[in-house]
Number of protein chains: 2
Amino acid sequence: MKRWNTVAIVGVGLIGGSIGLALRQRGLAERVVGIGRRQTSLRTARRAGAVTSTTTDLGKGVAEADFVVVCSPVGRIADHVCQAAQFCPAGTLITDAGSTKQVIVEALDGKLPRGCRFLGSHPLAGSEKSGASNAMADLFEGRLAILTPTKNTRAEDFDLLEHFWSSLGSVVVQMTAEEHDRALALSSHLPHAVAAALAASVPEACFRFSGPGLLDTTRIASGDPDLWTQIFCQNRANVLAALDAFLRHLTALGDAVRQGDVEPLKRLLALAKKNRDALGS
Amino acid sequence: MKRWNTVAIVGVGLIGGSIGLALRQRGLAERVVGIGRRQTSLRTARRAGAVTSTTTDLGKGVAEADFVVVCSPVGRIADHVCQAAQFCPAGTLITDAGSTKQVIVEALDGKLPRGCRFLGSHPLAGSEKSGASNAMADLFEGRLAILTPTKNTRAEDFDLLEHFWSSLGSVVVQMTAEEHDRALALSSHLPHAVAAALAASVPEACFRFSGPGLLDTTRIASGDPDLWTQIFCQNRANVLAALDAFLRHLTALGDAVRQGDVEPLKRLLALAKKNRDALGS
């Protein structure tokens with residue numbers, strides 16, 4: 001298994017911290033440099049054992065990296081990748097872990113200076129919890145990591161990135177950035193929008209009547225509002241299309257309830273149950 | 001603590017089975033008679049240790065009961081309570097465990113023959129799993145049990161029912177049936193409608209991209225379609241009002257995404273996070 005000398009991780013929250021922890025615990029990297037804006041986050045990452053050194057200076061942090069992973073909020077990824085490409089060793093491969101891909105890939109693909117290349121990643125792992133204090137070395141174990149190569153992508157870069165995520169335990173799949181954003185709008189961004197609207201709809205007076213149903217259904221609404229604002233805005237068209245599909249089903253359900261139309265209501269609930277049972281636990 | 005001679009449970013699924021199991025394990029009832037339509041369910045309840053005897057004949061099952069709990073799907077509760085009142089000992093108290101209350105209470109309150117009385121209950125416990133094979137003796141431990149007395153309710157009946165649920169570990173609260181149905185439409189029925197519409201909206205091709213977010217948000221959509229059809233139809237007006245409140249928030253979110261209106265989007269997501277954080281885990 002390939003061993004890296006220095007991996008630089010820009011953004012050491014839950015995802016960046018978990019990557020660092022996994023690299024360290026699996027003995028995959030000699031040095032892991034954690035780069036962030038806030039000393040408190042960097043300290044948390046050091047204490048969690050996710051990084052071997054830290055800095056708030058992105059240029060210094062990537063100076064000796066033989067691989068860079070940008071785990072910033074999606075709205076800052078392109079900017080951080082460009083900065084990294086200016087200061088890292090010439091010819092370095094840079095990836096990200098962003099929940100959207102099209103805007104980021106379009107901004108970076110084939111456009112980095114000094115022989116550096118960007119190849120997008122999205123590990124389908126995470127939690128409503130944030131911060132390196134919640135980092136887990138096994139966060140990526142058995143989970144999908146989506147790579148989004150383009151016609152500019154070199155085969156050896158793809159292989160290297162595939163190896164990287166595989167060595168953290170992920171199952172790697174390949175899609176275009178467009179396919180990624182369309183699929184994730186339905187499987188991830190729509191659930192977040194729905195959970196947030198639901199959590200916003202329940203008045204405080206009803207909190208005491210919450211059972212496991214409301215708790216499960218709204219759990220991801222605890223996610224970071226800034227981060228999700230960026231995700232929704234970067235994947236606007238697909239998110240709106242997914243919302244439309246959802247609203248068609250919810251409106252059909254509401255109409256059936258209004259008219260006491262038992263059979264269509266049962267059919268819709270049966271389709272929902274069939275889908276949910278197929279998703280597994 | 002009061003010990004019952006014979007408790008009859010009509011409907012031995014998850015709730016009825018868990019009541020039986022709790023009564024048995026806590027030594028609160030000498031005999032627990034399980035009454036159901038299907039021999040397989042009754043056998044499951046016997047094997048789970050939730051009942052001491054079973055029958056498919058409701059009349060025979062309640063003949064010696066000093067307390068009857070009807071745990072049928074909400075659309076059949078009123079009918080089963082009426083049947084029980086014809087065959088149980090004169091003057092017996094009958095309750096239910098239904099997720100709706102107004103339709104049931106209106107059908108039964110002060111209307112039972114032979115000195116029998118109905119007083120509605122709703123234990124806020126359950127799961128997307130069904131059947132006595134999933135029954136748990138501690139299902140009601142620390143959970144709310146809502147009682148819905150009316151002006152016809154005798155104080156001693158209320159005390160008895162309060163004692164019953166308390167002895168299973170529940171925290172008892174009192175509401176009118178109207179208040180109950182309005183609150184539960186928001187805290188339970190709306191989440192189910194939303195989870196079902198979401199599960200119905202996600203195409204099979206996207207299932208492999210599901211993360212914990214989609215899984216949590218749709219978990220309750222695995223619930224029984226027949227049961228939930230009955231709940232939605234019995235609580236129609238409140239469910240429709242709750243859907244409207246939800247749609248207002250989701251539409252606002254969609255509009256903000258469409259217009260790239262970052263601040264209103266952040267505010268809505270921040271309100272959702274505040275509410276969700278307040279709900280606890």
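These exercises walk through a predicted model of two chains, A and B.

**Exercise 1. The domains of chain A**

Task: Find which domains chain A is assigned, and how they touch.

Solution:
- Start with the bounds. The assignment gives domain 1 (4-175) and domain 2 (179-279) in chain A.
- Next, take the centres over C-alpha atoms. In chain A, 30 Å separate the centre of domain 1 from that of domain 2.
- Now look at the contact within chain A. Domain 1 brings 14 residues, and domain 2 brings 16 residues.
- Ask which elements of domain 1 give two or more residues to this side. They are helix 4 (74-87), helix 5 (102-108) and strand 8 of chain A.
- Finish with the classes. On the domain 1 side there are 5 nonpolar, 7 polar and 2 charged residues.

**Exercise 2. A sheet of 3 strands**

Task: Work out which strands of the sheet 7-8-9 in chain A stand at the edges.

Solution:
- Write down the order. The strands of chain A run 7-8-9 in an open sheet, and the pairing is mixed.
- Count partners. Strand 7 (120-123) and strand 9 (171-174) of chain A each have a single partner strand, so each has one side without a neighbour in the sheet. These two strands are the edges.
- Add the twist. From one strand to the next it averages 25°.
- Zoom in on one pair. Strand 7 and strand 8 (residues 144-148) of chain A are antiparallel, with 4 bridges.
- Find a matching residue in strand 8 of chain A. A145(A) lies opposite P123(A).

**Exercise 3. Parallel pairs**

Task: Describe how strand 1 of chain A pairs with strand 2 of chain A, and how strand 4 of chain B pairs with strand 5 of chain B.

Solution:
- Begin in chain A. Strand 1 and strand 2 (residues 29-35) of chain A are parallel and share 6 bridges.
- Pick out one position. W4(A) faces A29(A) of strand 2 of chain A.
- Check the cover on strand 1 (residues 4-10) of chain A. Of its 7 residues, 5 are buried, which leaves the strand mostly covered.
- Move to chain B. Strand 4 (residues 67-70) and strand 5 of chain B are also joined in parallel, by 3 bridges. One bridge links V68(B) to I94(B) in strand 5 of chain B.
- Now sort the side chains of strand 5 (residues 93-96) of chain B. L93(B) and T95(B) point one way, while I94(B) and D96(B) point the other way. All four are buried.

**Exercise 4. Two copies and their contact**

Task: Decide what relation links chain A to chain B, and say which surface each copy uses.

Solution:
- Superpose the copies. A turn of 180° with a shift of 0.0 Å along the axis lays chain A on chain B, at an RMSD of 0.0 Å.
- Name the relation. This turn and shift are those of a two-fold axis.
- Locate the axis. In chain A, the C-alpha of T217(A) is the nearest to the axis, 2.0 Å from it.
- Count the contact. Chain A gives 72 residues and chain B gives 72 residues.
- List the elements of chain A with two or more residues on this side. They are helix 7 (177-201), helix 8 (212-218), helix 9 (225-234), helix 10 (236-258) and helix 11 (262-279). Helix 7 of chain A gives the most, 17 residues.
- Sort by class. The chain A side holds 46 nonpolar, 17 polar and 9 charged residues.
- Compare the two sides. Of the interface residues of chain A, 99% are also interface residues in chain B, so the copies meet through the same surface.

Terms used
Residues numbered from 1 in each chain as written. Chains lettered and ligands numbered in written order. Predicted model: local features only at pLDDT ≥ 70, side-chain atom pairs only at ≥ 80, totals over all residues. Pairing = 2+ DSSP bridges. Axes fitted to C-alpha atoms, helices over the stretch in contact; angles between N-to-C directions. Least-squares fit on C-alpha atoms with pLDDT ≥ 70 in both. Contact = placed C-beta atoms within 7 Å. Nonpolar A, V, L, I, M, F, W, Y, C, P; charged D, E, K, R; others polar. Domains from an automatic or database assignment. Buried ≥ 20, exposed ≤ 12 C-beta atoms within 10 Å, placed from the backbone.
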